[in-house]
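Q: Please take a close look at one part of this structure and explain how it is put together. I am new to this model and would welcome a connected account.

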Amino acid sequence: MNRYFKDVKTSEQLKKLYFDLAKRYHPDRPGGNLVIMQEVNAEYMKVFSAVKDQHLNKDGEVYTSKVKSSELPDDYIDILSVIFSSKLKIEIELCGRWLYIRGDTKPLKESLKKEKAFWSPTKGCWIWHPKDSYRRPHQSWDMNNIRDFYGSATVENDEKIGIDEKS
C-alpha cells in the first residue's frame, strides 16, 4: 500500500505530488526530513513504473501513450535535487511534466545542463522535460497559455509561494 502516492493514475499526477512532497520534505529545504524524503523517493520509484506511460489529455481523460517512455524515475528526482540543494533564489514551476526554472540560475548552469535542462531565450528560463517528451505544435505558446492548458505548481527554492492546480 502506498503512503504518499495514493490514487495516482498518471505520470503528471505523480510528478505533481512528488513536487509537492519534495517542497515539504527535501532535506535542503526549511523543515525538510531526510528519512521521509528517502521514503518518498522509494515509493515514487515504485509507482513511477506503473504510471510512466499513463497521461492526461487536454480534456483531463487518462490515456496510455503509444510510445513507451524511456524516462527513468531518477531523472526527475535528480533535477529537483540539484535545484533544492542550491542556496540560490530560484523559482521552479511545474506545468504538466515540464519544469521551468527561473531566477539566480547562472551558478547552476553546468549542473542544469548535466541534468539535460536547456536555456530558452523566448521563455527567459531553463526548461527541463523528460527526454522522450516531444515538442508539440503549441511550442510557441507563452507561459500563460501553457499554464492554462497544463495547470501550474510554483515554488521558490527558499519558500513556498503558491499552487494553482488545473481543475
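A: A residue is called buried when its relative accessible area is under 20%, exposed when it is over 50%, and partly exposed in between, using a 1.4 Å probe and protein chains only. This is a predicted model, in which local features need pLDDT of at least 70 and side-chain atom pairs count only at pLDDT 80 or more, while totals for chains, interfaces and linings use all residues. Residues are numbered from 1 along each chain as its sequence is written, and side-chain values use heavy atoms, leaving out hydrogens and water.

The protein contains five helices and eight strands (DSSP runs numbered from the N terminus, with helices being H or I of at least four residues and strands E of at least two). In sequence order, the elements follow the pattern α-α-β-β-α-β-β-α-β-β-α-β-β. Of the 167 residues in the protein, 47% are buried. Among contacts (heavy atoms within 4.5 Å) with a separation of 6 or more, 59% join residues that lie 24 or more positions apart.

The part chosen for a close look is the packing of helices 1, 2 and 3. Which way does helix 1 run relative to helix 2? Helix 1 covers residues 11-25, and helix 2 covers residues 34-51. Their axes (lines fitted to C-alpha atoms over the stretch in contact, with angles from 0 to 180 degrees between N-to-C directions) come within 11 Å and cross at roughly 175°. Helix 1 is therefore roughly antiparallel to helix 2 (angles over 145 degrees count as roughly antiparallel, under 35 as roughly parallel, 65 to 115 as roughly perpendicular and the rest as oblique). On the helix 1 side, the contact is made by S11, L14, K15, Y18, L21, A22 and Y25. The helix 2 side supplies I36, M37, V40, N41, Y44, V47, F48 and V51.

Helix 1 also packs against helix 3, which spans residues 73-85. Here the angle is about 30° and the axes are 11 Å apart; helix 1 and helix 3 are therefore roughly parallel to each other. From helix 1, the residues K15, Y18, F19, A22 and K23 take part, meeting Y76, I77, L80 and F84 of helix 3. K15, Y18 and A22 thus appear in the contact with helix 3, and they are also among the residues of helix 1 that touch helix 2.

The remaining pair is helix 2 with helix 3. These two pack at an angle of about 145°, with their axes 9 Å apart. N41, Y44, M45 and F48 of helix 2 form this contact with P73, D74, Y76 and I77 of helix 3. N41, Y44 and F48 are also among the helix 2 residues that meet helix 1.

One residue that ties this account together is I77. I77 belongs to helix 3, and at 8% relative accessibility it counts as buried. Leaving aside residues up to four places away in sequence, I77 touches Y18, N41, Y44 and M45. Of these, Y18 is in the contact of helix 1 with helix 3, whereas N41, Y44 and M45 are in the contact of helix 2 with helix 3. I77 and Y44 are 33 residues apart in sequence, and their C-alpha atoms are 9.1 Å apart in space.

Beyond these helices, I101 offers another view of the interior. I101 sits in strand 4, residues 98-103, and is buried, with a relative accessible area of 0%. Apart from residues up to four places away in sequence, I101 touches I83, I90, E91, L112, C125 and W126. Its C-alpha atom is separated by 9.8 Å from that of F118, 17 residues away along the chain.

Several residues outside the helices and strands are exposed instead. D7 lies in the segment before helix 1 and counts as exposed at 67% relative accessibility. Its phi is near 60°, a positive value in a residue other than glycine. K116 occupies the loop between helix 4 (109-114) and strand 5 (118-120), and is exposed with a relative accessible area of 65%. The phi of K116, near 75°, is likewise positive in a residue other than glycine. V67 is located in the loop between strand 2 (62-64) and helix 3, and at 63% relative accessibility it counts as exposed. V67 and D132 are 65 residues apart in sequence, with 8.9 Å between their C-alpha atoms.
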